[in-house]
Amino acid sequence: MSEQTPSSQHASSQQTAKPKWIWINILFFGLSFLAAIVLVPWYGFEHGYHVSSWAWGIGLWLFSSTSISMGYHRLWSHRAYEANPVLRAILAFGGCLALQNSALHWSSDHRIHHKHVDHDTKDPYSASRGFWHSHIGWLLKREGEAVRYDEQYDRCPDLKRDPIVMFQHKYYWLLSVSANILVPLVLGLMTGLVWEMMIIAGVLRLVWSHHLTFFINSLAHMWGTRPYTEENSARDNLVLAVLTGGEGYHNYHHKFQYDYRNGIRWWHFDPSKWWIKALSWVGVTRNLKAVSNEKIEKAKAETLLLKAQQKTAHLPNAEEIMQKLHEEYEQFIAKLTDAYAARKQWLEAKKNDMVENMVESYEHSKLMENYKQLKHSFEQQKINWLILAKQYA
Ligand SMILES: [Zn+2]
Ligand SMILES: [Zn+2]
């Protein structure tokens, strides 16, 4: 995920060949981090905290991080679904509270991250340059030729057509600085806990949510598994998924970036996906894009085959192993394709029956029977394939 601070747009719009420190970001991140690790415990020891301060802090963190995940990331960067104006306005406000620059700015960086993932210079927060750079270093120092953000925004015409995105972009700093001061202040005045709210729901919440977002650029490209593709460094990681509202299934996301889900099973911890789906039932979100299971299965099988190939390449009987693996893999793909084709035919027949208001037709039940058989055969083959491939991968 992408993150920018107040000065990055101005700092980066000037062409420079030399590394350039971005002092306002250094001061902002440095001082806010210092406040979080010194001021928060000091105030706690001296005065203690009320439960309501923690509750509001957690609530604002969840709201702002969900706005980044559901809004900046899945809605605006990837257009994985559509949302009505009310939801878009709420997500844009949550993005102001998260203080990660405007949706236009964030998304334009993020699209480049996907396009040039792991490239040392083209990926704005490339993990190939190490933890520090991808986590926060890229926000503190600009190197080489600076990005021209006006041109980068022009490459996002779809976002420029969204009046909510453009309004937020135009007034971003006014809105976000006000929101980050006024929201905790108003909560403090309402509860009579002004200092606590400013410290917990203001500073600590902001530092905490910043660094969790940064982990998606750093740790989620270093720590975890790669079941869907090994073509880039992105990883699936349950710990990060829990901490970031579902963004930790980053390997899947880099393989299928237009899917509104990051955790594909309904029970995978991905609150953004649950929100998007639930809101589609009441018409607030629509046109949810989801990759077919067939494609997902194929991507996983292909990745497993490549892993097994790499791990067995040095063995004396590598050729023999590869031949066995290829045979099982090809059978798996063939049976998978057949089962999904039969499923499609069956579903179409079912739809026709419904359109013609008929009870289940003969053709329909025959197709269903055929699909069940092919599905069974595919599932058997999947077991054979996994037993063999996992011995070597
Ligand atoms: Zn990434
Ligand atoms: Zn993405």
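## Helices α3 and α4

In this predicted model, helix α3 (residues 51-77) packs against helix α4 (residues 85-98) with axes 8 Å apart and an angle of about 115°. Helices here are DSSP runs of H or I with at least four residues, numbered from the N terminus. Axes are lines fitted to C-alpha atoms, for helices over the stretch in contact, and angles run from 0 to 180 degrees between N-to-C directions. The two helices, α3 and α4, make a left-handed crossing, meaning that the near helix is turned anticlockwise from the far one by less than a right angle.

Who meets whom? From α3 come residues including Leu-60, Phe-63, Met-70 and Tyr-72, and from α4 residues including Leu-91, Gly-94 and Leu-97. Residues are in contact if their C-beta atoms, placed from the backbone, lie within 7 Å. This contact has ten nonpolar, seven polar and no charged residues. Nonpolar covers Ala, Val, Leu, Ile, Met, Phe, Trp, Tyr, Cys and Pro; charged covers Asp, Glu, Lys and Arg; the others, Gly among them, are polar.

## Helices α2 and α11

Now look at helix α2 (residues 23-47) and helix α11 (residues 194-217), whose axes come within 9 Å and cross at roughly 140°. They are therefore oblique to each other (not under 35 degrees, roughly parallel; over 145, roughly antiparallel; or 65 to 115, roughly perpendicular). The crossing of α2 and α11 is left-handed.

Among the residues in the contact are Phe-33, Leu-39 and Tyr-43 of α2, with Trp-195, Ile-199 and Leu-206 of α11. By class, the contact of α2 with α11 holds twelve nonpolar residues, one polar and no charged.

## Two domains

An automatic or database domain assignment splits the protein chain into domain 1 (8-286) and domain 2 (293-392). Their centres, taken over C-alpha atoms, are 38 Å apart. Seven residues of domain 1 and five of domain 2 form the contact. On the domain 1 side, three are nonpolar, one is polar and three are charged.

## Confidence and numbering

The predictor's confidence in each residue, pLDDT, runs from 0 to 100. The protein chain averages 91, and 94% of the residues score at least 70. Residues 2-16 fall below 50, yet this stretch has 47 contacts in the model beyond near neighbours in sequence.

Residues are numbered from 1 along each chain as its sequence is written, while chains are lettered from A and ligands numbered from 1 in the order in which they are written. Local features need pLDDT of at least 70 and side-chain atom pairs count only at pLDDT 80 or more, whereas totals for chains, interfaces and linings use all residues.

Note on methods:
Contact = placed C-beta atoms within 7 Å.
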